[in-house]
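Let's take a walk through a few helix contacts and the empty spaces in this protein. Have the structure open and follow along.

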Amino acid sequence: MDSILAFLGSIPWWGWLLIGLLLVALYDITQKKHTIRHNFPVVGNIRYFLESFGPELRQYIVANNREELPFNRQQRAWIYSSAKQENNFQGFGTDQDITSAGYIFINPALLPLKLAPDNPNYSNPYTAPGAKVIGLFHKRRKPYHPPSIVNISGMSFGSLSATAIESLNKGAKKFGCYHNTGEGGLSPYHKFGADVVVNIGTSYFGVRDNNGNFVMEKLVKLVETNPFVRMLELKLSQGAKPGKGGVLPAAKISAEIAEIRHVEIGKDVISPASHSAFSDIPTMVAFIESMAAETGLPVGIKSAVGKLEQWHELADYMLETGKGPDFITIDGGEGGTGAAPPSFADHVSLPFVYGFSKVYQIFQKRGLTSRITFIASGKLGLPESAIMAFAMGADLVNVGREAMLSIGCIQAQICHTNRCPSGVATQSKWLQSGIDPTLKSERFYNYIKTLTKEILEISHAAGYEHPCQFTMEDVDLAMGDNNRIQPLCDAYGYTKDVVPFTSIADLLKIRT
């Protein structure tokens, strides 16, 4: 034994290195899982090592400020600096290619709007209520007037961590915007004081029986015991995975999530692609009306856009019966998700501008736009994108991933792995413990406050008091290399209906 130890001790450090490399080479040659490692032992491992942090390498070293997707470095920097109340200005001038196809130009007035001292925005530049009262036309018992034009899109507890949901809700409470639960149902972390919109998906999480069927009594009880629930959103589909049910792996289902969603522990939860409570437009409208009648709340639908036949059918049915959703959330194909097949995320459903413009015109031609509040969703949490949505006919804007960025998301794009390094999109107790809701709620509050302020400032620059006043002539699009620009009305073939508006002061007097 002593001689063996002496021999091992006599081996120099580089000898041990060679032995280690030899062992790696032997393993690489004998394994059959990776061809590159088999054909190029030792050296082939470098390829997999570099691939393991390729996204981070490109994100922080290789890519320039304007070329990353979904959000480039410049966009993320604006959100981060706004959330931290740091300098979010830009010096020297734009570094964007302003002649590229689809580039947005917002037309300023020769003389911008001058706020009078008695205007609410004179002393508070962050106040912008919605211009419509949701549920008023259908005479819901509890109509809702959104205090903010910008709100939190549907992101479930389960997809996001408990501390992330808590941070967003507390920040929403402080600012005065609503918080959409996502289809995962109402959790304890949605109960810190913000107005809440309960999203009801195909699995009816939180309001279902053991077989996954919708239970009206559970919904009524949920609304009665949680008076901060102000609206119900029936999710038909979402932009990133329309026509595809979600999957929550068994490994991510804790006892808490199982209780909230009314599902079993230890089993994958696979949401169906379609609803079991209805099968066509008349039965869907009947379902909407029954939920509204039982709870008194406004009820809307959320959907991606593709084929238009059933949209026409819905509009015709609403015109004929006077019934239907109080609001419609259009989710663009560029919208986010915790997990989706690439084919769905990349190719199924239209981007927001195409989808929204087509659906809006369907309801406009039947004179229905005044009955409906249109909510826009899909990468619209930056001032210029939000302004374009308002100019096209949106009444409210929902933000999802931008809200995540404001509380620390670094766009690692591994939400589907449960290994989110920032703790935002994971159920790992260790990873999410890095989020301090007291600090992060303040970050979200700062972001949405700054976003609203810049939307209002751009509105004032265009001569308007409120973004609902934007018309499609106020926003131009670059047509690319033919040196032409075109207003939105020409690009999409319609002119937005005028939204009745007197003043923000009058909107603030509305009580619901």
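## How α15 crosses α18

First, a bit of vocabulary: a crossing is right-handed if the near helix is turned clockwise from the far one by less than a right angle, and left-handed if the turn is anticlockwise. With that in hand, look at α15 and α18, where α15 passes α18 in a right-handed crossing. Keep in mind that this is a predicted model.

Who does the touching here? On the α15 side, the contact is made by Pro383, Ala386, Ile387 and Phe390, and on the α18 side by Leu451, Glu454, Ile455, Ile458 and Ser459. Sorted by character, the contact of α15 with α18 has seven nonpolar residues, one polar and one charged. As for the geometry, α15 (residues 383-392) and α18 (residues 437-461) pack at an angle of about 60°, and their axes are 9 Å apart. The two helices, α15 and α18, are therefore oblique to each other.

## α12 against α14

Now scroll back to α12 (residues 309-321) and α14 (residues 352-364), which pack at an angle of about 30° with their axes 9 Å apart. Angles under 35 degrees count as roughly parallel, so that's the label α12 and α14 get. The crossing of α12 past α14 is right-handed.

From α12, the contact takes in Trp311, His312, Leu314, Ala315 and Met318, while α14 brings Val359, Ile362 and Phe363. The tally for the contact of α12 with α14 is seven nonpolar residues, one polar and no charged.

## The second largest pocket

Helix α12 turns up again here: which element gives the most to the lining of the second largest pocket? It's α12, with five residues. Two or more residues also come from α11 (281-295) and from β8 (299-303).

The pocket holds about 730 Å³ of space. Its lining runs to 25 residues, and Leu236, Ser237, Met284, Ser303 and Gln310 are the ones nearest its centre. The lining of this pocket is a mix, with twelve nonpolar, nine polar and four charged residues.

## The second largest cavity

How many cavities of 30 Å³ or more are there? The count comes to two. The second largest cavity has about 70 Å³ of space.

Its lining is made by 13 residues, with Cys409, Ala412, Gln413, Cys415 and Cys420 nearest the centre. Ten of the residues lining the second largest cavity are nonpolar, three are polar and none are charged.

How values were computed. Residues numbered from 1 in each chain as written. Predicted model: local features only at pLDDT ≥ 70, side-chain atom pairs only at ≥ 80, totals over all residues. Heavy atoms only, no water. Axes fitted to C-alpha atoms, helices over the stretch in contact; angles between N-to-C directions. Helix = DSSP H or I, 4+ residues; strand = E, 2+ residues; numbered from the N terminus. Parallel < 35°, antiparallel > 145°, perpendicular 65-115°, else oblique. Contact = heavy atoms within 4.5 Å. Nonpolar A, V, L, I, M, F, W, Y, C, P; charged D, E, K, R; others polar. 1 Å grid on protein atoms, 1.4 Å probe; cavity = no way out; pocket = protein on both sides within 12 Å on 5 of 7 lines; lining within 4 Å. Points joined across faces, edges and corners; volume = space filled by probe spheres on them.
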